[in-house]
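Subject: Structure for you to look at, with notes

Dear colleague,

I am passing on the structure we spoke of, and the notes below it set out what was found. Please read them with the structure open beside you.

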Amino acid sequence: MSKWLLIDGFNLAYRCFFAIPELTRADGFPTNALHGWVKSIWKLIDQEKPESTLVFFDLGGAQDRLTLLPEYKAQREEMPEALAKQLPFIRTLTRALGCVGIEQSGVESDDLLAAEAVALAAAGHEVLIVSSDKDFAQIVGERIKILLPPPTANPRIGWQIRDAAGVREKFGVPPVMIADFLALVGDASDNIPGIAGVGPKTASKWLLEWGSLAGVIAHAAELEPARFRESVRLEAAKLYRNLKLTTLNLTLPSLVVGKPTSSPDDIFRLLEELEMRSALAEARERYQQPELF
């Protein structure tokens, strides 16, 4: 079957924003994230040659998780103003490039992306998830892999594939245990508190021994190191709540309504408006030679 590229939009946008030094239009409008965005999309399409590219954006709101934990993601700093200004253009440019933009108010883009990935894999397609978010490790399998962006400290490494073996090497547990693993150790990026003092090695050891978070809790009296036994027993309700927070919702319906047609004229107009001259020159070359795009 065909290959599909599913991009975590905000994850990639933040990376582009911080990876590229400040760039602006003549009037001072920021364009650094936009430069990185268009180059990244072209790079990914050239490299992977997908049947279709879907880009998932957050519109805000995670009501189900906020109900469980009002402090969910509350520690995150507000998006930099310069990036926020560029997001509408990122969305518009994404669609002009022929990529499907997907978003739904009140639903996290991670859940939308994960549900779509699982549905595509079930239909026999190969799926590559472009993101550095560890939550997606829980759905990695035979047909779903993660395409990790190059490390900021060493970009020459390039984009790296993480399969099920890579997930186990990274976290110490297979994909099916990732949500349980995060429930135990917590997830600082989402403000989810785990069991104090329980790190990745301890959590993976317990899960491999007892099979799941429920198994760990059921055998709390036998856990090693023994100093955690009482904590796990007393905080069982918190751990089960954590599991609901760390588990991606795979039951959401597809929002893909068809593959848009790339519009060279729209791309040229946008890049001219943004005064992105090098990207405009590359766009003209690409669309004059369609086999390159």
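Two strands are taken to pair if DSSP finds at least two bridges between them. By that rule β4 (residues 126-130) pairs with β5 (residues 144-148), since 4 bridges join these strands, which run parallel. Within this ladder, V130 has L147 of β5 as its bridge partner. Please keep in mind throughout that this is a predicted model.

The sheet

These two strands belong to an open sheet of 6 strands, in the order β3-β2-β1-β4-β5-β6, and the pairing across the sheet is mixed. The strands β3 (100-102) and β6 (160-162) stand at the edges with a single partner strand each, so one side of each has no neighbour in the sheet. From one strand to the next, the twist averages 25 degrees.

Further along the sheet, β1 and β2 pair in the parallel sense over 5 bridges, and D8 has F56 as its bridge partner in β2. On to β3, the strand β2 is joined by 3 bridges, again with the strands running parallel, and here V55 has G101 of β3 as its partner.

In a regular strand the side chains alternate between the two faces of the sheet. In β2, S52, L54 and F56 point one way while T53 and V55 point the other way, and all of them are buried; the strand is accordingly described as mostly covered, with 5 of its 5 residues buried.

The helix α5 lies across β1 (3-8), β2 (52-56), β3, β4 and β5, and it runs at about 170 degrees to β1.

The largest pocket

The largest pocket has a volume of about 870 Å³. It is lined by 26 residues, of which F10, Y14, D58, K73 and R76 are the closest to its centre. The elements that give two or more residues to this lining are α1 (9-19) and α5 (109-122), and α1 gives the most, with 4 residues. Sorted by class, the lining of the largest pocket holds 8 nonpolar, 6 polar and 12 charged residues.

Two residues of helix α4

R91 is found in helix α4, and because its relative accessibility is 15%, it counts as buried, the cut-off for that class being under 20%. Leaving aside neighbours within four places in sequence, R91 is in contact with F10, F57, D58, L59 and E103; F10 and D58 are also among the residues closest to the centre of the largest pocket.

A82 is placed in the same helix, α4 (residues 81-96), but at 27% relative accessibility it counts as partly exposed. Beyond its neighbours within four places in sequence, A82 is in contact with F17 and P30. The C-alpha atoms of A82 and N32 are separated by 9.0 Å, although these residues lie 50 residues apart along the chain.

Helix α11

Which residues of helix α11 (residues 236-246) are buried? They are A236, L239, N242, L245 and T246. What covers these buried residues includes the helices α3 (63-68), α7 (178-185), α9 (213-218) and α10 (229-234), together with the strand β8 (192-193).

With best regards

Conventions:
Residues numbered from 1 in each chain as written. Predicted model: local features only at pLDDT ≥ 70, side-chain atom pairs only at ≥ 80, totals over all residues. Heavy atoms only, no water. Buried < 20%, exposed > 50% of the residue type's maximum accessible area, 1.4 Å probe, protein only. Contact = heavy atoms within 4.5 Å. 1 Å grid on protein atoms, 1.4 Å probe; cavity = no way out; pocket = protein on both sides within 12 Å on 5 of 7 lines; lining within 4 Å. Points joined across faces, edges and corners; volume = space filled by probe spheres on them. Nonpolar A, V, L, I, M, F, W, Y, C, P; charged D, E, K, R; others polar. Axes fitted to C-alpha atoms, helices over the stretch in contact; angles between N-to-C directions.
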